Structure formats: structure tokens, C-alpha cells
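Me: I'd like to walk through a model with you, a few questions at a time. Shall we take a look?

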Amino acid sequence: WVLQFQVLQPNAENDDKADENPLALSAQDRLPPEPRLQSAPGFGVDDAKNNSRINLELREPQAEYRELQKQWEDLWKNGEKDEKTGTVVSLPIKDAKEKLLAGSNIKAISEDAGKKVLEEANTMVSGSSAGRTTSDTIR
């Protein structure tokens with residue numbers, strides 16, 4: 001009995017030192033087989049205002065939509081200017097309406113000219129004319 005205890009005691013001491021199960025897989029062995037695909041490597045959105053890139057690799061799937069929505073709302077509210085020339089590239093809709101109405105570029109056409117434009121818009125090339133003339137009217 002004592003002899004058995006003396007043989008087993010060193011093994012027990014060695015087992016206490018080894019925290020890891022010898023049959024357990026290592027971290028490398030637990031990885032999936034090649035090729036390993038990342039969810040979105042290098043995935044991001046360009047931020048034109050700050051001349052930077054917003055990294056979305058570790059964010060939720062809707063992060064791209066939310067970032068783009070913020071940029072679009074900013075563009076709709078504040079407009080955009082060309083950095084090189086300073087020319088206004090886009091205006092908010094409210095400002096564009098005011099600018100259009102303030103200018104005298106709006107020209108109305110006469111009733112007869114309007115009817116002519118409407119009639120031309122409602123005509124189409126029919127199969128019976130073999131594509132030579134506009135003969136049918138859309139009603």
C-alpha cells in the first residue's frame with residue numbers, strides 16, 4: 001500500500017502542475033479550416049467632410065447604413081461646396097426653392113404652346129406605321 005502511494009504521489013503532483021487537459025485542443029487547433037473568412041475586412045465608409053475613413057469592421061451590420069444616413073442628412077440640410085473652386089454643388093431643397101423663386105429664370109409658356117407640348121408628349125410610334133411616324137395617342 002505504501003509502495004503504491006509512493007509511485008502515484010509524483011504523478012499526482014505533476015498532474016496538479018498541468019492545468020490543461022492533454023486531450024484538449026490548442027488554440028490553433030480550434031480554428032476553422034482554411035480559408036478563414038473575416039466578416040468584413042477593411043470595411044468602412046469614406047467621410048468626405050473630414051477626409052477620413054470610418055472603420056466599421058467591429059461594428060453592427062447596420063453601422064454602414066447609419067453612417068451613410070448621417071452623411072446624407074447633413075448634405076440635405078447644409079448642402080455641399082466644391083473644395084477646389086468653392087462653387088455650390090448642391091443646396092438644401094428649401095434654399096434651392098427660395099433661390100429659384102427669387103430669380104427671374106422661370107418662364108411660363110402660353111396655353112396654346114402648353115397644349116402642343118402635351119400633345120407631343122402623348123403621341124407614340126405605333127406598330128402600324130413601321131416606326132416612321134408618331135401615329136397613336138396615349139389616353
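Me: Which element gives the largest share of the lining of the largest pocket?

Reply: Happy to help! This is a predicted model, where local features need pLDDT of at least 70, side-chain atom pairs count only at pLDDT 80 or more, and totals for chains, interfaces and linings use all residues. Residues are numbered from 1 along each chain as its sequence is written, and side-chain values use heavy atoms, without hydrogens and water. On a 1 Å grid over the protein atoms alone, a pocket is an open set of points where a 1.4 Å probe fits, with protein on both sides within 12 Å along at least five of seven lines, and lining residues have an atom within 4 Å of a point. Helices (H or I, at least four residues) and strands (E, at least two) are DSSP runs numbered from the N terminus, and the largest share, 6 residues, comes from α2.

Me: How many residues of that lining are charged?

Reply: Asp, Glu, Lys and Arg count as charged, Ala, Val, Leu, Ile, Met, Phe, Trp, Tyr, Cys and Pro as nonpolar, and the others, Gly among them, as polar. The lining of the largest pocket has 4 nonpolar and 3 polar residues, and the charged ones number 9.

Me: Is glutamate 67, a salt-bridge partner of arginine 59, buried or exposed?

Reply: A salt bridge puts a side-chain nitrogen of Lys or Arg within 4 Å of a carboxyl oxygen of Asp or Glu, and arginine 59 and glutamate 67 meet at 3.6 Å, N to O. Buried means under 20% relative accessible area, exposed over 50%, partly exposed in between (1.4 Å probe, protein chains only). Glutamate 67 has a relative accessible area of 10%, so this residue is buried.
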